[in-house]
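Student: Could you show me the model, so that we can go through it slowly together?

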Amino acid sequence: MGLFKRITADVKLSDEEYVKNEKERDVPWSVTPFKEARATNHREEVECEEESERPPEWLELAGDLAWTTTFSSLTSNTSVTEPISVWNYGVFFALTWHLWATQTSYDIKYYTNDWWHRALFASQLAIYAILAAFSGSFNVGWELDNDATDPFTGNSTALTSQTIVQNSENSIEKSFRGVNILLCISRLLLFAQYVRVLWYRRKSKRFSTWRFYLPAISTFIAALLFLGCFGLIKDKAPSKSVAITQLSIWGLAIFVQVIAGALTPEDEEGVLRSKSTLPPRMSTLTVIILGEGLNGICDTLRNSINSLGMTKTMTGEMIAMLLVLYFMWLLYFDGFHIRSNTHKAMEDLWLWSHFPLHLSMIMLLEGIKNLFLYTNVIKAISVIQAAFVEIGQFEDKNNGTDPEHPRLEALLQPLKLSWQQELQDIQTAAAAHPDDPDTASSAQLYRWVVTIVHSIYLLFNDEPDPEAEFKFNNFISSNDTYVVSDIDSGEVAYAFQDRYNELMSYTAHWLLAVAGTLLICMAIVNIMERRPKNRYAWAYSLNRISIGIILILVGAGTSKSQDNIDWLFWITPLVAICYAIATGIDLVILKLSRRSIKKKEDAFPGGPDEKVAYSTGRAQNRQFSEASTSQLSLKQRERQGSAAGTPGAQQIYQHDVYDPYAEAGAPYLPRSHGSRGSTSDPTAQSLLGKYREEGM
């Protein structure tokens, strides 16, 4: 019966949590972003004490994660292994990042918890998801660099090669058309949101300047520009001018929105319902980007653990990589707690300055990951070579007998190869060619060794390179005589290795420069956020700038040293060391700053109020002293002037000193003329008050 009563019972207001939750869930269709004003009994407009509106945390996080899906698709579909891939990375990231920035700028001001915004949020999720699908064929080198866009065709026939190239061109054009139309739709949806805000602004009489039109106008212009790019790609024949025009229009569309946002004024305090701020959203996005970088590093570690084993060098590289991520997190978040009240343009500049910061952060994490993979490949190959040296030494000592080698067998297991099986294959090959068994067995062994090296590269590369795979297959399918002839030089057998080395070591060109650029971007953001007013606050930013410049200079001097294997092993540890030094210097600056603060606090135990009172008293004493000195000088000049017209008067008065007590008719009191004890006399106090007032 008790259960039946609870099931059929009506709502009770005493159940406060339930009532509050139901009220929050009952979302209206549309709510004004402005607080309504009402007239008091004195006919003055005051703001209603309404609860502030802000997006639910789960909704904000879902939006950021949806953007991350697009970003994650970019990182998985675009390996930063060539110059064109860097440009693809930067341009696509700029387009998607500007979608997040402009939408977030709107949300923190005008979002209200209603079905209007929830429906538009669903459309944003769809746009991000479809953009992710187009990232695979996105290539800004289209019609600008044939080498960057033409796929590898190998020894295909002319017609087959033409078909492959045409298919690649069609995929790129489809990607551009899809990206442009999605960008246009996203701008039109944001334009509709701003138009709604303008309608509510006029309705609530919050329209103080025409500049409130700028966000809507700029967003609509951007939509037209993206639509123009869609038509340009669709109707015009592919050409270099079309490609340049598209890139220029993209930059113009983003620039128009940035300028409009900077020129749009802020609403007065208490006008908007929303109490959201930009720094928490930016912090969340930065954490997500760092998390995505950590996810990529974890995949790399998985490949390393599942490979031929972890050497001391590989373990050191792994620790250095994780330390870079850790110190990167410390340098960005530790100390970024002060948020100065800045001008609207400065706040927008602070927002958009995070674009190069986030891009540098992503490129650094991607570069470290690729370099770690490359160093792992080099070490894995060296481990295999060491095992083969042991086998050769055993054969020399035991009259050419092939030994069992448990360690080599264990190393080959991740590659799905077997040493004992290969020994049998060698014997089979020799038996199949009785006329020349040495050539057959040598070719068989050489192919197998090259296959081991090839398998190691595939173990650390999720997507094989077509050109490298073509070179490998071309060698493996060659006849025995040709294979044996290449043993001494290895030019044909290891041509695929040269291609993979070129791709995997590419990040060594610019990794240090990007690491330095990231520190400089952090310093710039820190300056705009902190607005430094003392040497310690400036020291934090100058610390980052100095170490950033050092990393850039070292990177510039060693950009051509990617063939130096020993240097490649030191790049990531060097970044970790520099970031650790920057963090350590920050801690030293913190201790010095804290000591300075403690000295000030000890000098003024009463806190800031006592210091202000002390400073005010000193200012008043200085004003009184200046006023008294001015009065003395004036009286001296008057008496000297009057004495000049009376014979003998100058002799009488030229040495007189003006006495404010005598001038005021006060009797001479010795204690009244003391420098410090005069304030105890009532007459002196009144005179002091009089001259303070005159001095003030």
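Student: Is Cys184 buried or exposed?

Tutor: This is a predicted model, in which local features need pLDDT of at least 70, side-chain atom pairs count only at pLDDT 80 or more, and totals for chains, interfaces and linings use all residues. Residues are numbered from 1 along each chain as its sequence is written, and side-chain values use heavy atoms, with hydrogens and water left out. Buried means under 20% relative accessible area, exposed over 50%, and partly exposed in between, with a 1.4 Å probe and protein chains only. Because Cys184 has a relative accessibility of 5%, Cys184 counts as buried.

Student: How many disulfides does a search of the whole structure find?

Tutor: A disulfide is a pair of cysteine sulfur atoms within 2.5 Å. When the whole structure is searched for such pairs, the number of disulfides found is zero.

Student: Which helix gives the largest share of the largest nonpolar core?

Tutor: A nonpolar core is a set of buried Ala, Val, Leu, Ile, Met, Phe, Trp, Tyr and Cys residues joined through side-chain atoms within 4.5 Å. The largest one has 122 residues, of which Met328, Leu364, Ile456 and Tyr579 touch the most other members. Its largest share, 19 residues, comes from residues 354–397, which form helix 13, where helices are DSSP runs (H or I, at least four residues) numbered from the N terminus.

Student: Which residues in helix 19 meet helix 17?

Tutor: Contact here means heavy atoms within 4.5 Å. From helix 17, the residues involved are Glu467, Ala468, Glu469, Lys471 and Phe472. In helix 19 they meet Ala495, Phe496, Arg499 and Tyr500.

Methods. Helices (H or I, at least four residues) and strands (E, at least two) are DSSP runs, numbered from the N terminus.
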